[in-house]
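Trainee: Could we go through this structure together? I would like to begin with the overall fold and then turn to individual side chains.
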Amino acid sequence: MVPRLVLRSPVWLFRWQVACTRGASVQQRTWAGASRTPGPDSTLACTGGPSTSLGTPEVMLTCERYSVKRLPFSVVSEQDLAAFERIVPGRVVTDPAELEAANVDWLRTVRGCSQVLLRPRTAEEVSHILRYCHGRNLAVNPQGGNTGMVGGSVPVFDEIILSTALMNQVIGFHSVSGCILEELSRYVEDRDFIMPLDLGAKGSCHIGGNVATNAGGLRFLRYGSLRGTVLGLEVVLADGTVLDCLTSLRKDNTGYDLKQLFIGSEGTLGVITAVSILCPPRPRAVNVAFLGGSGVRLRSGLTRSLLAPSCVCLRPCALAGCPGFPEVLQTFSTCKGMLGEILSAYEFMDAECMQLVGHHLRLTSPVQESPFYVLIETSGSGVAHDAEKLSSFLERVLGCGLVTDGTVATDHSKVKMLWALRERISEALSRDGYVYKYDISLPVERLYDLVTELRTRLGPQAKHVVGYGHLGDGNLHLNVTAEAFSSSLLGALEPYVYEWTAGQRGSISAEHGLGFKKRGVLGYSKPPEALNLMQQLKALLDPKGILNPYKTLPAQS
């Protein structure tokens, strides 16, 4: 181990990996042994057979559900497969059964028809692949953990899927190659540090994909965005050029900060193969409070007894509720004033979220039924000090009626259970039917207004209209469920949601990115001059447009 990692702000290097959707894996198979390969004169065939391997209904092809035209890219031939076999021997996948999971997003709302998946192990192999594809004008779809919400990680047509699932070995104390976010978090926590990023999909998503989408997550309030914690990147450009900006310096004011071009670019400007990221020290005391309302009032003294130092483990936790959204906002204001520097998360969810989590996932809330629920986490260096501050805060909000029910956890299993109530909402929604997802930034005082308005606007067209998210960041996750996809329901939602958001000077994508589904509405958040500059940057770095086409930027006429 290198002694200087004892520094308070160490640097870690990561090579990122990509995997298929949850519950499936792509096995190694050479093209020669595949049951079906496209011929040298093959034409595009995006036809869908029954989706039997997943045991769920077939997902409609993206090119059939949406109005999108295939760009004039080449079609993969047997000669191309032979070339790929030379670059990544034994790691060219063409079996349709194995490709099925990689062609469908985890929400099962979009589906491509790629016939090839490549699994490089090194940045050099990625470079050779892209150089070849650039010369042949073959479109490429980089794929991370495939946990994205906007269709950015799966092909639209027959793009080659570039998976880096095999770039997952730990290569040193400073350098970790291609880790799933949850595994990466465990790795650094074992060394008394934490990842500055935490997501509900941490068990599946990958750090390279997180950087490529500039994922926000549950720790944004405390540690900020990846634009601040990523120190350097290694990126392979569309023509195969390897751009090594993998610095570990915190201060480097020399020229343009090129890494910022690729953070949040969603694989459209280059393929991220390594990341240098700043990891803060692991907090010595982490407290989680889950608060609800409209139930039996907690005795104020109860919070102090539950948070007494003698009862506190590494991650003690508490839960309660708010009778209305104004109380959620007032609780947040009180929280910021009283918890200050130790506040690391402030999450809210409405009653319908909790009902869906209970119905579909059989998770039980220990708090009385409430219109709204709040989860608060603190992270600091002193167990007794932080517990005392949280206890004082809870007594204040209980005493004035902002919060009327709650619970405090003092063991790891209950802490995990409370976080699961928040983190698994998206999973519960996916089991409720077809989901229309919106991830928007708004002024906090208007954050829930859109949910209320949509319930009135949509009426019985929608099964559920729910709102939850990171109130501390002004980030609303607005979700509408229906039995199946409906063009009329989509027409009632869009562009209304985007126009409403733009009218509040909000953002139509707070943290999920644009992907395929939102590329056409970028103009609601960016002026024409900005869109024009983005198109110029894309043309400069990827003149043939082979990297993740049909994503992020609006289609050009």
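Mentor: Certainly, and please keep in mind that this is a predicted model. Among contacts between residues at least 6 apart in sequence, 80% join residues at least 24 apart.

Trainee: How many helices and strands does the chain have?
Mentor: The chain has 19 helices and 17 strands. Of its 557 residues, 57% are buried.

Trainee: And the surface, how much of the exposed area do carbon and sulfur atoms supply?
Mentor: They supply 53% of the roughly 22,100 Å² that the chain exposes, the total being "about" that value.

Trainee: Which residues make the nonpolar surface patch of about 330 Å²?
Mentor: Tyr-256, Leu-258 and Leu-261 make that patch. Leu-258 is in the loop between β8 (242-245) and α9 (259-262).

Trainee: Why does Leu-258 count as partly exposed?
Mentor: Because its relative accessibility is 34%, and partly exposed covers values between 20% and 50%.

Trainee: What does Asp-257 do with its side chain?
Mentor: The side chain of Asp-257 meets that of Lys-259 in a salt bridge, with 2.9 Å from N to O. Asp-257 is partly exposed at 41% relative accessibility, whereas Lys-259 counts as buried at 13%.

Trainee: Turning to Glu-347, which residue is its salt-bridge partner?
Mentor: Its partner is Arg-422, at 2.8 Å from N to O. This pair links distant parts of the chain, with Glu-347 in strand β12 (residues 343-350) and Arg-422 in helix α14 (residues 412-423), 75 residues apart.

Trainee: Are those two buried or exposed?
Mentor: Both Glu-347 and Arg-422 are buried.

Trainee: How many salt bridges are there in total?
Mentor: The count comes to 16. Asp-350, Glu-352 and Arg-455 are linked in a network of salt bridges.

Trainee: Changing topic, how many aromatic pairs does the structure hold?
Mentor: It holds 15 aromatic pairs. One of them joins Phe-325 and Phe-372, a tilted pair at 5.7 Å centre to centre with 55 degrees between the planes.

Trainee: Why does that pair tie together separate parts of the sequence?
Mentor: Phe-325 lies in helix α11 (residues 325-339) and Phe-372 in strand β13 (residues 372-380), so the pair ties together parts that are 47 residues apart. Phe-325 and Phe-372 are both buried, and they form one aromatic cluster with Phe-348 and Tyr-448.

Trainee: Where does the charged end of Arg-457 sit?
Mentor: It sits over the ring of Tyr-496, 4.0 Å from the ring centre. Arg-65 lies over the face of Phe-485, at 4.4 Å from the ring centre.

Definitions and conventions. Residues are numbered from 1 along each chain as its sequence is written. This is a predicted model: local features need pLDDT of at least 70, side-chain atom pairs count only at pLDDT 80 or more; totals for chains, interfaces and linings use all residues. Side-chain values use heavy atoms; hydrogens and water are left out. Helices (H or I, at least four residues) and strands (E, at least two) are DSSP runs, numbered from the N terminus. Buried means under 20% relative accessible area, exposed over 50%, partly exposed in between (1.4 Å probe, protein chains only). Contact means heavy atoms within 4.5 Å. Accessible areas come from the Shrake-Rupley method with a 1.4 Å probe; for residues, only the protein chains shown count as cover. Patches are made of residues with over 30% relative accessible area and no salt bridge: like charges are joined within 9 Å, nonpolar side chains (Val, Leu, Ile, Met, Phe, Trp, Tyr) within 5 Å. A salt bridge is a side-chain nitrogen of Lys or Arg within 4 Å of a carboxyl oxygen of Asp or Glu. Rings of Phe, Tyr and Trp (its six-membered ring) pair if their centres lie within 6.5 Å; planes under 30 degrees apart count as stacked, over 60 as edge-to-face and the rest as tilted. A charge sits over a ring if NZ of Lys or CZ of Arg is within 6 Å of the ring centre and within 35 degrees of the ring normal.
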